[in-house]
Amino acid sequence: MLFDNFGRIHDYLRISLTDNCNFRCTYCMPEEKIQCLPSSRLMQKDEILSLAKTFVDLGIKKIRLTGGEPLLRKDFGEIYAELADLPVTLTFTTNGFLLDKYAGLCKTKGLKGVNISIDTLDREKFFSITKRDHFPTVWKNIELMIQMGFDVKLNIVLMKHVNDDETEDFIALTKNLPVHVRFIEFMPFDKNGWDKTKVISFEEIMSDLYQKYDVVKLLDEKHDTAKKFQIYGHKGTFAFITTMSQPFCGDCNRLGLTADGKIKNCLFGKEEIDLLSPLRNGEDIENLIRMSVTRKHAVMGGQFVASYLETDAQSIQNRSMIKIGG
Ligand code: SAM
Ligand code: SF4
């Protein structure tokens, strides 16, 4: 079992499969052209499996594949299929563009649910956020996953004056569709243009919703990062990931592995420990993982502890989100 110095158990691992992406979301990557890692610097399929097994032996119970765009990996199907045989809950986060290619495999391998990012329901706005005109394909794949009976969570990064006028449109989807809409507060990463004025906090939106709708508060599970709600009588639910306005570090159980095989004990931490080179050299990995966990900071990777209203994005040392794997 992996416990940090604050007594928090760590049993959830996000594995980034690539730092490449077929979208160019403004909040996730720097505006300038980014250099993706050459394949030799990425964890290869067998290395991912070997590292995942070590983590599972240490008590990891849930693995989420992410990126960049995980489905862009040519060997995604093989990686997914092999990891699905481990005794863990396996899932992934995707922009949805290539999902139809893998829906059948996911069904066969027992995938329960998937997180699909979609920040707007408007095709033109989708293009302006992602720099790709792929709204119709992504929406078609969301419908496909719902029809196939998967538990579908829709991730929406809320940004002021970008898509904050669409919260009610997303919530309206939950009336007839059994989807879980998740509004994520905009977070600061390297060169993603974050500043506090672009964050819409959970409370700003909820006060409005309580006045307009019959809102029911749902029970949040242990380690859940989402505060869950439902409009009375709706099939689906909605939730807020309040990382900025009400961080949930006290109950954090998450670790991350970047596509180049570095363990990050916090999304916001600047410290990383390389696991891939030692693995390639036949060295011990378990102790490096334990070391990383015990070095975890209490709150927000030790980089910002005050209110997000006082956070200076320029002073944060971190990768961009696309290179971390959220
Ligand atoms: N490409 C996949 C996707 O878009 O779902 C997986 C990788 S993406 C980095 C994982 C999640 O991080 C997505 O839901 C995305 O919206 C979210 N994300 C990226 N940058 C973010 C930011 N600055 N603040 C909050 N969430 C962010
Ligand atoms: Fe790509 Fe996902 Fe980042 Fe958008 S959020 S650029 S889809 S990795």
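Two strands count as paired if DSSP finds at least two bridges between them, where strands (E, at least two residues) and helices (H or I, at least four) are DSSP runs numbered from the N terminus. The model is predicted, so that local features need pLDDT of at least 70 and side-chain atom pairs count only at pLDDT 80 or more, while totals for chains, interfaces and linings use all residues. Residues are numbered from 1 along each chain as its sequence is written, chains are lettered from A and ligands numbered from 1 in the order in which they are written, and side-chain values use heavy atoms, with hydrogens and water left out.

**Exercise 1. Trace the sheet and the pairing of β5.**

Step 1. The open sheet has 12 strands with mixed pairing, in the order β7-β8-β9-β6-β5-β4-β3-β2-β1-β10-β11-β12. Its edge strands are β7 and β12 (273-274), each of which pairs on one side only.

Step 2. Strand β5 pairs in the parallel sense with β4 (residues 113-117) over five bridges, and N115 has K153 of β5 as its bridge partner. The pairing of β5 with β6 is also parallel, over six bridges, and here I156 stands opposite F183 of β6.

Step 3. For contrast, β10 (residues 254-257) and β11 (residues 262-264) pair in the antiparallel sense over two bridges, with L257 opposite I263 of β11.

**Exercise 2. Determine which residues of α6 and α7 are buried, and what they pack against.**

Step 1. Taking buried as under 20% relative accessible area and exposed as over 50%, with partly exposed in between (1.4 Å probe, protein chains only), one finds T167, F170, I171, L173 and T174 buried in α6 (residues 167-176). They cover an arc, taken from the directions from the helix axis to the C-beta atoms, of only 140°, and therefore lie on the same side of α6.

Step 2. With contact meaning heavy atoms within 4.5 Å, the buried residues of α6 pack against elements including α5 (135-147), β5 (151-158) and β6 (180-185).

Step 3. In α7, F202, I205, M206 and L209 are buried; their arc is only 95°, which puts them on the same side of α7. The face turned away from that buried side carries the exposed residues E203 and Q211. Among the partners of the buried residues of α7 are β5, α6 and β7 (215-217).

Step 4. Strand β5 is itself mostly covered, with six of its eight residues buried.
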